[in-house]
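User: Hi! I am new to reading protein models and would like to know where the labels come from. Could we go through a few together?

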Amino acid sequence: MKASTRLVHFDACPNDPYRPVATPIYQTATFEQESAMEFGRYDYSRSGNPTRTVLETQLAVMEKGTRAFCFASGMAAITAVTRLLRPGDEILACDDLYGGTCRLFSRILSHGGIGVRYADGSNLKTFRSEIGPRTRLIYIETPTNPLLRVIDIRPVADLALRSGALLCVDNSMMSPYLQNPLDLGADIVVHSGTKFLCGHSDVTAGIVVVRDRGIADAIYLVQNGEGAALGPFDSYLLLRGMKTLAIRIERQQTSAQRIAAFLSEHPLVTRIHYPVCADQRSSKIHSSQARGAGAVVSFETASADISRRVVESMRLFGITVSFGSVTSSVGIPARMSHASIPHGVRLSVNVPETLVRLSVGIEDADDLIADLSAAFDSAARHTSCASLAPMAARS
Ligand SMILES: *Cc1c(COP(=O)(O)O)cnc(C)c1O
């Protein structure tokens with residue numbers, strides 16, 4: 001079965017005599033047992049819930065793993081992965097990292113004696129040189145967010161294997177429809193289900209997918225033992241959203257490509273960040289590991305003032321910190337999602353104040369381009385000639 005078929009063809013409710021087509025919401029905390037001595041498949045919803053099981057089974061299949069575990073948010077899922085580490089262990093993470101992940105690594109895990117190093121994952125040589133004897137987890141996103149840098153997953157997986165570390169890939173940006181890191185050698189995949197997987201901005205959720213049985217058992221222990229599992233109603237919503245993942249991504253990606261083309265011709269745009277617009281090497285790596293460029297496009301202008309005015313003049317692109325929804329959104333990462341990077345954490349990556357990130361939704365692409373175009377016109381009208389001067393230097 002191809003992914004788009006599998007997304008809608010699965011057992012919605014195993015063993016249900018009425019064969020519902022949509023998965024029922026088992027909104028119950030506890031399950032009555034046959035006897036005091038024998039326990040059934042489910043006993044308590046923190047430990048397991050039928051709605052969540054259907055969702056987890058579906059995610060394991062889509063992400064080419066053996067087991068998936070759903071959590072209350074992406075951050076809860078990522079936290080669960082870090083529970084595999086012990087005091088003294090170290091994480092090596094790519095440095096164009098989701099702000100919340102950086103905050104977790106640098107401000108919370110450090111209290112538990114876990115160290116973290118950041119390096120440019122797209123430069124394999126630098127990245128390799130940062131691996132130390134205590135590195136137990138290599139953690140990357142690709143394409144990174146918001147600079148859309150591409151990291152070659154296969155050699156990093158190889159690096160992890162040879163240094164006795166696990167490789168975890170945050171696949172939120174691509175979704176399992178476009179990229180499957182476990183097939184490329186990763187040990188663990190995490191998602192913010194809040195983004196493309198849900199797609200409707202109505203749930204926060206996180207997912208951990210693994211292949212290895214030992215890692216699966218360890219993650220289950222954390223899910224059950226710490227109690228941050230996704231609830232039944234949110235599991236239902238996520239499952240419902242995922243049914244349209246393929247058509248949403250196809251549509252959003254096609255529009256994103258048109259928007260990237262529009263931006264590349266626009267005189268106020270000084271630089272575009274989009275995997276297929278990247279340098280040849282990156283774009284080749286990306287095509288070798290993903291089935292498309294996705295629906296997030298970032299661009300820069302000549303000044304923070306122009307960028308802010310463009311963002312604030314848009315009507316269809318709402319100013320939100322998230323991405324991956326059916327409605328288009330826009331943000332200035334340096335001021336929004338990246339603001340959660342703790343002061344004092346020095347990353348070699350620099351997210352410019354002029355960077356604007358677009359998440360392209362399912363609206364008509366003509367409308368979106370018209371909105372962008374009008375926003376640029378308005379920004380140009382309001383921006384004084386002085387701040388436009390650097391434009392002349394644009395090559
Ligand atoms: C949003 C996001 C997260 C965190 O997920 P939440 O559901 O917001 O907790 C992690 N990684 C990436 C890449 C994200 O975009």
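User: What makes the crossing of α3 and α4 right-handed or left-handed?

Analyst: The crossing of α3 and α4 is right-handed. A crossing gets that name if the near helix is turned clockwise from the far one by less than a right angle, and is left-handed if anticlockwise. Helices here are DSSP runs of H or I with at least four residues, and strands are runs of E with at least two, numbered from the N terminus. This is a predicted model, where local features need pLDDT of at least 70, side-chain atom pairs count only at pLDDT 80 or more, and totals for chains, interfaces and linings use all residues. Residues are numbered from 1 along each chain as its sequence is written, and side-chain values use heavy atoms, leaving out hydrogens and water.

User: Why is Cys-102 called buried or exposed?

Analyst: Buried means under 20% relative accessible area, exposed over 50%, and partly exposed in between (1.4 Å probe, protein chains only). Cys-102 has 0%, so it is buried. Cys-168 also counts as buried, at 0% relative accessibility.

User: How do you know which disulfides Cys-102 forms?

Analyst: A disulfide is a pair of cysteine sulfur atoms within 2.5 Å. The closest cysteine sulfur to that of Cys-102 is in Cys-94, 10 Å away, so the two are too far apart for a bond. Cys-168 is in no disulfide either, with the sulfur of Cys-94 as its nearest, 10 Å away. The count by this rule is zero disulfides.
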